[in-house]
Amino acid sequence: EKVEILKTKVKLTISLELDEWNSEIKVLNELLKIAIDNGIETEVAIFDSNISKKILKKHKKADLVVANNVFNHSENPVDFACAAADILSSDGTFVFEVPYWKCSVESEKIDQVYHEHVTYMTVKSAKQILKSAGLVIEDVEVVDYHGGSLRVYAKKKPFQEQESVQHMIDDEESLGLFESNTYEKLMKKLHKRKFRFLRKIYDIK
């Protein structure tokens with residue numbers, strides 16, 4: 001009986017995911033039509049090195065590449081960064097926004113953790129990913145979106161990195177973002193919060 005229930009749950013989960021995927025495809029197709037109708041050349045694809053090569057066959061290199069709240073959805077962020085670098089002119093700027101993991105940990109809010117967010121970035125991790133693509137951080141700032149997001153401005157080497165970048169990395173390390181002990185403590189707090197919440201629900205019943 002338990003196995004049958006589990007099978008039902010799996011089928012239901014797959015069905016819901018497929019429905020969600022189909023809905024996303026429909027929305028993308030609608031957005032594609034709107035863009036084309038307005039004379040904006042658009043392509044629906046998962047951005048990677050293959051797509052960047054395809055773009056360069058039809059267009060010159062760009063002075064500005066913007067990726068707001070999509071970089072962290074990539075299953076291969078290094079390849080994504082390399083693709084952005086490929087289509088970027090020698091003096092161009094790659095600007096992207098991602099939810100800031102430091103803000104999530106400090107606030108103890110985990111609502112940004114879900115399946116579409118594959119990567120959770122800090123300034124330190126962003127710096128390493130960009131370095132792999134031959135890019136350096138020109139500037140970085142924290143904006144309010146998603147409860148705290150990083151807005152990163154990156155350029156091709158040998159551009160000089162701003163001092164503020166290292167200051168932010170120092171803050172991340174001081175907070176213990178790269179130490180397992182930090183997350184063990186966080187999980188204990190979240191479990192206690194969960195049980196307090198459930199107790200309130202049960203009391204209502």
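How many of the 205 residues of the chain count as buried? The share is 31%, where buried means under 20% relative accessible area, exposed means over 50%, and partly exposed lies in between, with a 1.4 Å probe and protein chains only.

Before selecting anything, note that this is a predicted model, in which local features need pLDDT of at least 70 and side-chain atom pairs count only at pLDDT 80 or more, while totals for chains, interfaces and linings use all residues. Residues are numbered from 1 along each chain as its sequence is written, and side-chain values use heavy atoms, with hydrogens and water left out.

**The whole chain**

Begin with the whole chain coloured by pLDDT, the predictor's confidence in each residue, from 0 to 100. The average over the chain is 83, and 83% of the residues score at least 70. Now select residues 1–14, where pLDDT stays under 50 and the model has 0 contacts beyond four places in sequence, a contact being heavy atoms within 4.5 Å. Where pLDDT is low, the predicted coordinates should not be read in detail.

Switch next to a cartoon view, in which the chain shows 7 helices and 4 strands; these are DSSP runs numbered from the N terminus, helices being H or I with at least four residues and strands being E with at least two. Followed along the sequence, their pattern is α-α-β-α-β-α-α-β-β-α-α. Among the contacts in the chain with a separation of 6 or more, 66% join residues 24 or more positions apart.

**The core**

Select Phe71, Phe94, Phe96, Val123 and Leu130, the residues with the most contacts inside the largest nonpolar core, which has 29 residues. Such a core is a set of buried Ala, Val, Leu, Ile, Met, Phe, Trp, Tyr and Cys residues joined through side-chain atoms within 4.5 Å. The elements that give two or more residues to this core are the strands β1 (62–68), β2 (88–99), β3 (135–143) and β4 (149–156), together with the helices α3 (77–86), α5 (123–132) and α6 (163–175). Centre the view on Leu130 and, leaving out residues up to four places away in sequence, you will find that Leu130 touches Ala81, Phe94, Phe96, Leu135, Ile137, Val152 and Ala154.

**Helices α3 and α5**

Move to Asp79 in helix α3, which counts as partly exposed because its relative accessibility is 21%. Beyond residues up to four places away in sequence, Asp79 touches Asp48 and Ser49. Measuring from C-alpha to C-alpha, Asp79 and Ala133 are 7.8 Å apart in space, although 54 residues apart in sequence. Then pick Gln128 in helix α5, a partly exposed residue at 43% relative accessibility. The C-alpha atoms of Gln128 and Val78 are separated by 9.0 Å, with their positions 50 residues apart along the chain.

**Two loops**

In the loop between β1 and α3, select Asn69, which has a positive phi of about 55° although it is not a glycine. Asn69 is buried, with a relative accessible area of 17%. In the loop between β4 and α6, select Gln160, which is exposed at 62% relative accessibility. From C-alpha to C-alpha, Gln160 and Asp139 are 9.9 Å apart in space and 21 residues apart in sequence.

**Helix α7**

Continue to Thr182 in helix α7, which covers residues 180–204. Is Thr182 buried or exposed? Thr182 counts as buried, since its relative accessibility is 17%. With neighbours within four places in sequence set aside, Thr182 is in contact with Val105, Leu175, Gly176 and Leu177.

**A pocket**

Finish by selecting Ile40, Glu41, Thr42, Glu43, Ala45, Phe47, Ile51, Ile55, Lys58 and His59, which line the second largest pocket.

Key
1 Å grid on protein atoms, 1.4 Å probe; cavity = no way out; pocket = protein on both sides within 12 Å on 5 of 7 lines; lining within 4 Å.
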